Structure formats: structure tokens, C-alpha cells
Amino acid sequence: MAVIKTENLTYIYGEGTPFEKRAVDDVSLEIGEGEMIGVIGHTGSGKSTLIQHFNGLLKPSSGSVYIDGEKLWEDKARLRAIRFKVGLVFQYPEYQLFEETCYKDIAFGPKNMGLSDAEIDERIKETAKMVGLSPELLDKSPFELSGGQKRRVAIAGVMAMRPKVLILDEPASGLDPKGREYILGMLKDYHTATKSTVMIVSHSMEDVARYADRILVMNKAKLYCLEETEKVFSRSEELMSMGLSVPQITRVFARLKEMGIEFNKDVYTTPYAVKLLLERLGQKEGLA
């Protein structure tokens with residue numbers, strides 16, 4: 001069953017004004033339960049506008065959005081409950097921290113859901129452990145923490161609501177390589193443990209290639225494709241013509257192909273590239 005579905009979704013900024021701009025144009029898609037989706041597209045492609053429709057931050061100019069089978073905006077009385085099913089983490093979420101302690105910041109979402117103090121406490125401790133925050137940090141002010149720790153507190157606050165879908169806009173942006181690796185690995189572990197749907201918007205093709213099962217590509221406000229990762233990166237020339245990059249290892253193997261060294265598989269992750277190269281070298285040794 002599709003946990004997110006759109007039908008002919010269109011959104012127009014400044015509709016009816018001289019500044020009118022079509023940011024999302026006739027997008028129809030389905031995202032299943034338990035998928036890990038990468039979302040890519042050049043700046044201005046419509047990807048950020050699109051994801052803001054998934055928890056009702058924006059109302060379509062036309063078309064429909066369904067969350068877990070329910071149509072958003074059809075019944076305003078149900079809108080709040082449906083929104084809790086989709087957690088959205090904006091870029092640099094640590095700038096949205098405001099409570100006195102990390103504990104209170106993580107508690108903010110669950111508290112608004114009307115949960116009991118005991119349930120809130122359980123969720124805070126569970127998500128803090130999941131994102132790698134030690135118990136003693138929960139009583140500290142979030143402003144005493146490092147940038148990476150603040151990021152984890154902000155993400156934990158959304159995770160604590162236990163959404164069916166967790167959407168993150170550039171979750172590793174601005175972090176050093178170690179912090180980036182930690183955040184993305186933690187999200188993969190969360191996805192595996194909860195079986196929930198996770199969507200990661202990213203400009204890093206390496207990150208998307210490594211973690212996503214399928215990739216949603218936006219181009220000029222339209223859905224270019226929503227396909228398995230391997231199929232998307234097999235269109236490297238088309239992606240580059242849109243102003244997108246492809247993983248460096250994909251470019252290396254494309255160059256090898258131009259030189260007459262072909263592999264039957266599309267390559268978009270370094271571990272898989274190593275495996276193919278070792279197999280090729282092993283075949284040559286066998287022939288020798």
C-alpha cells in the first residue's frame with residue numbers, strides 16, 4: 001500500500017499575480033511503506049516544495065495528496081491527525097531548538113500529540129538512544145552542545161512522534177565527514193529498526209547512491225522519474241544534462257567504458273566497484 005500518493009499535484013506560487021510561478025507541475029507518484037527514498041533535483045526543481053505537501057504545510061493549487069490512504073485537506077478536522085503521520089525535518093533543524101533542555105525540546109512534538117507524561121518520557125529515552133545522545137545530555141541546554149549533537153536533538157524531536165514517514169531535507173548539510181557519516185548511518189539504522197518510510201533530500205549523489213532504495217528526481221517542477229537507484233544512475237548523461245552530478249565512481253566507470261573497458265553492470269557505489277574490479281582481475285589471473 002502507498003503511504004504517500006499524489007495525483008496530478010500542482011502548486012503555483014503567487015497565483016494570479018505578476019510573480020506567478022509553477023513550482024510543482026502535474027506530479028503523480030506513489031511511495032510505499034518501509035521504503036528509503038532519495039530525493040534529488042537542481043536548485044529550483046521543486047523538490048522542497050513537493051515534500052512540504054506531504055504533511056500539509058502547503059495546500060495544492062490543484063490535484064490531490066493522500067497519506068496512508070487518507071486525502072489531505074478533504075476533512076479539516078482530520079488534518080492535524082494526518083500531519084502527525086509525516087515528520088518533516090528542515091535543513092539546519094538545530095536552528096529551531098528553543099527549549100531550556102534537550103529533554104524538553106524532544107518532548108515538544110509528543111506533548112502536542114496529547115500523550116501522557118509516561119509515554120512522552122519513554123519516547124524521549126528511546127529516540128535519544130537511537131540518535132546517540134547519552135542520558136546526561138538530556139538535562140543540558142541544547143545550546144551547550146556541538147553542532148552535530150544539536151542536529152541529533154532536532155531529529156530526535158521529530159522521531160519521538162513516531163511518524164509513519166520521516167522526511168529530511170539535507171540532514172547532513174554543513175557537517176564534517178565524521179558527523180555526516182554518523183547522521184546518515186543513524187537514519188539507516190532507524191529505517192531498519194522501525195520499518196518506517198524515510199525520505200532524504202540531498203545534493204550529495206554519493207549519499208543517495210549509498211542509502212536509497214529508490215530515487216525521486218525532480219526537474220523543472222516536474223517528476224522526471226521515481227525508480228530504483230541503479231536505474232536512475234544508469235542515466236548519468238541525462239542527469240548531467242539537467243545540471244545534476246552523478247557519483248564520482250559512476251563517472252570513473254563511464255570513462256573506463258569510453259576507453260573500451262566495459263562492465264555489464266551499472267556502478268554507483270565504491271564497495272560494488274571494488275567487487276567488480278576484483279572479479280575482473282581474478283578472471284584475468286585465471287586465464288593466465
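Trainee: Is the crossing of helix 3 and helix 4 left-handed or right-handed?

Mentor: In this predicted model, helix 3 and helix 4 cross in a right-handed way. To find them, look at residues 102–112 for helix 3 and residues 117–131 for helix 4.

Trainee: At roughly what angle do the axes of helix 3 and helix 4 cross?

Mentor: The two axes cross at roughly 125 degrees, and they come within 9 Å. An angle of 65 to 115 degrees counts as roughly perpendicular and one over 145 as roughly antiparallel, with the rest between them taken as oblique. Helix 3 and helix 4 are therefore oblique to each other.

Trainee: Which residues of helix 3 and helix 4 meet?

Mentor: From helix 3 come Y103, I106, A107, P110 and K111, and in helix 4 they meet I120, D121, I124 and T127. Sorted by class, the residues of this contact are 6 nonpolar, 1 polar and 2 charged.

Trainee: Let's move on to pockets. How much space lies in the largest pocket, and which residues lie nearest its centre?

Mentor: Good one to explore! About 590 Å³ of space lies in the largest pocket. Its lining has 24 residues, and L88, Q96, F108, V158 and M161 are the ones nearest the centre. Two or more lining residues come from each of helix 2 (76–83), strand 6 (86–89), helix 3 and helix 5 (147–159).

Trainee: Which element gives the largest share of that pocket's lining?

Mentor: Helix 3 does, with 5 residues. You have already met helix 3 in its crossing with helix 4. By class, the lining of the largest pocket holds 15 nonpolar, 6 polar and 3 charged residues.

Trainee: And how many cavities of 30 Å³ or more does a search of the whole structure find?

Mentor: The search finds 2. The largest cavity has about 60 Å³ of space, and the second largest has about 40 Å³.

Trainee: Which residues line the largest cavity?

Mentor: The lining is M36, I37, G38, L184, I200, S202, D207, V208, Y211 and A212. Strand 3 (36–40) and helix 7 (205–211) each give two or more of these residues. By class, there are 7 nonpolar, 2 polar and 1 charged.

Trainee: What lines the second largest cavity?

Mentor: Here you will find E170, P171, A172, S173, R180, L184, I200, V201, S202 and D207. Helix 6 (177–194) and strand 8 (197–201) are the elements that give two or more residues. This lining divides into 5 nonpolar, 2 polar and 3 charged residues. Try picking out L184 in the structure, since that residue lines the largest cavity and also the second largest.

Methods: Residues numbered from 1 in each chain as written. Predicted model: local features only at pLDDT ≥ 70, side-chain atom pairs only at ≥ 80, totals over all residues. Heavy atoms only, no water. Axes fitted to C-alpha atoms, helices over the stretch in contact; angles between N-to-C directions. Helix = DSSP H or I, 4+ residues; strand = E, 2+ residues; numbered from the N terminus. Parallel < 35°, antiparallel > 145°, perpendicular 65-115°, else oblique. Left-handed = near helix turned anticlockwise from the far one by under 90°. Contact = heavy atoms within 4.5 Å. Nonpolar A, V, L, I, M, F, W, Y, C, P; charged D, E, K, R; others polar. 1 Å grid on protein atoms, 1.4 Å probe; cavity = no way out; pocket = protein on both sides within 12 Å on 5 of 7 lines; lining within 4 Å. Points joined across faces, edges and corners; volume = space filled by probe spheres on them.
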